[in-house]
Amino acid sequence: MRICVYCASSQECDPLYHAAAFRLGALLAEAGCTVVYGGGSAGSMGAVANGALSKGGEVIGILPKFMADLEWGHPGLTRLELVEDMRERKHRLLTGSDAVIALPGGCGTLEELFEAITLKRLGLYFNPIILLDTQGFYAPLQHFMDQVIAQRFMNEEHHAMWSLVAEPEDVLPAIRSTPRWREDAREIAVVRAGNGK
């Protein structure tokens, strides 16, 4: 499987986030997965890459040229692909991926995650989206999305577009147990009148 991993470059967060990212990378590599991520060397980005590389895994980084100019790229990847801008980076990360994993992160990670969820809602992406809920990081976001659905900005069915798991060891089982997103995604993309049933 080709797994797209969204993750952060912060080195100031709790080291437990980096440890979980490293463990995830190692587990993905041991399962024979190719890791595709943002190409950075710092924070959870570097940790997930190093975890996969420590087990001989294939790791592909997608890095905008301006970040390469700042020497933010990871020097030890299987392949580092340079792109023009952030928009192209997001497209290349998601295209051809068999699943998305979002690790805890900041606005860049959240933007990538919400774009993947939006594309899934519109029937343009059909594969699993897994949020690694290290230290309960994504619990407030899950509560917020429950509110979005409760207030009728999305349909009840949209709860199934993503799932939260607590530990890196839970990620691959969650991917394998998540069915392909429904082919009638566009029919349920628009919020319906009434109670949504």
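In the predicted model examined here, Arg-152 is partly exposed, because its relative accessible area of 26% lies between the limits of 20% for buried and 50% for exposed residues. Arg-152 is placed in the loop that runs between α6 and β7. The backbone of Arg-152 has a positive phi of about 70°, although the residue is not a glycine. Most residues other than glycine have a negative phi. A second residue of this kind is Gln-135, which is not a glycine and has a positive phi of about 55°. Gln-135 belongs to the loop between β6 and α6, and with a relative accessibility of 47% it counts as partly exposed.

The loop between α6 (139-150) and β7 (163-165) also holds Asn-155. The relative accessibility of Asn-155 is 0%, and the residue therefore counts as buried. A polar contact is formed by the side chain of Asn-155, which reaches the backbone nitrogen of Arg-192 at 3.4 Å. When neighbours within four places in sequence are set aside, Asn-155 is in contact with Ile-149, Ile-188, Val-190, Val-191 and Arg-192. Arg-192 thus appears both as the partner of the side chain of Asn-155 and in the list of its contacts.

Another asparagine, Asn-127, is located in the loop between α5 and β6 (129-132). The side chain of Asn-127 lies 2.9 Å from the backbone oxygen of Ser-97, with which it makes a polar contact. Apart from residues up to four places away in sequence, Asn-127 touches Ser-97, Asp-98, Ala-99, Lys-120 and Arg-180.

Attention now turns to the strands. Strand β1, formed by residues 2-6, is mostly covered, with four of its five residues buried. This strand runs parallel to β2 (residues 34-37), and three bridges join the two. Along this pairing, Arg-2 stands opposite Thr-34 of β2, while Ile-3 has Val-35 as its bridge partner. In a regular strand the side chains alternate between the two faces of the sheet. In β2, Thr-34 and Val-36 lie on one side and Val-35 and Tyr-37 on the other; all of these residues are buried, and both faces of the strand are covered.

A parallel arrangement is also found for β5 (residues 99-102) and β6, which are joined by three bridges. In this pair, Ile-101 stands opposite Ile-130 of β6. Strand β6 is covered on both faces: Ile-129 and Leu-131 are buried on one side, and Ile-130 and Leu-132 are buried on the other.

Two residues illustrate the surroundings of these strands in detail. Tyr-6 is part of strand β1 and is buried, with a relative accessible area of 2%. Not counting residues up to four places away in sequence, Tyr-6 touches Leu-93, Leu-94, Val-100, Ile-101, Ala-102, Leu-103, Thr-109, Glu-112, Leu-113 and Ala-116. Tyr-6 and Val-165 are 159 residues apart along the chain, and their C-alpha atoms are separated by 15 Å.

Val-100, one of the residues touched by Tyr-6, is situated in strand β5. It counts as buried because its relative accessibility is 0%. Beyond its neighbours within four places in sequence, Val-100 is in contact with Cys-4, Tyr-6, Leu-94, Tyr-125, Pro-128, Ile-129 and Ile-130. Among these contacts, Ile-129 and Ile-130 are residues of β6 that are buried on opposite sides of that strand. Val-100 and Gly-46 are 54 residues apart in sequence, with a C-alpha to C-alpha distance of 18 Å.

The final feature to be described is empty space within the model. Rolling a probe the size of a water molecule over the atoms shows where such space is left. The largest pocket contains about 340 Å³ of space. Its lining consists of 20 residues, and those nearest the centre are Cys-7, Ser-9, Met-45, Met-67 and Arg-89. Helices α4 (86-94) and α5 (107-121) each contribute at least two residues to this lining. The greatest contribution comes from α5, which supplies five residues. In terms of residue class, the lining of the largest pocket comprises nine nonpolar, seven polar and four charged residues.

Conventions: Residues are numbered from 1 along each chain as its sequence is written. This is a predicted model: local features need pLDDT of at least 70, side-chain atom pairs count only at pLDDT 80 or more; totals for chains, interfaces and linings use all residues. Side-chain values use heavy atoms; hydrogens and water are left out. On a 1 Å grid over the protein atoms alone, a cavity is a set of points where a 1.4 Å probe fits but cannot get out, and a pocket is an open set with protein on both sides within 12 Å along at least five of seven lines; lining residues have an atom within 4 Å of a point. Grid points are joined across faces, edges and corners, and a volume is the space filled by probe spheres set on the points. Ala, Val, Leu, Ile, Met, Phe, Trp, Tyr, Cys and Pro count as nonpolar, Asp, Glu, Lys and Arg as charged, and the others, Gly among them, as polar. A polar contact is a pair of N or O atoms within 3.5 Å; within protein, one must be able to donate a hydrogen and the other to accept it, and residues adjacent in sequence count only if both atoms are side-chain atoms. Contact means heavy atoms within 4.5 Å. Buried means under 20% relative accessible area, exposed over 50%, partly exposed in between (1.4 Å probe, protein chains only). Two strands pair if DSSP finds at least two bridges between them.
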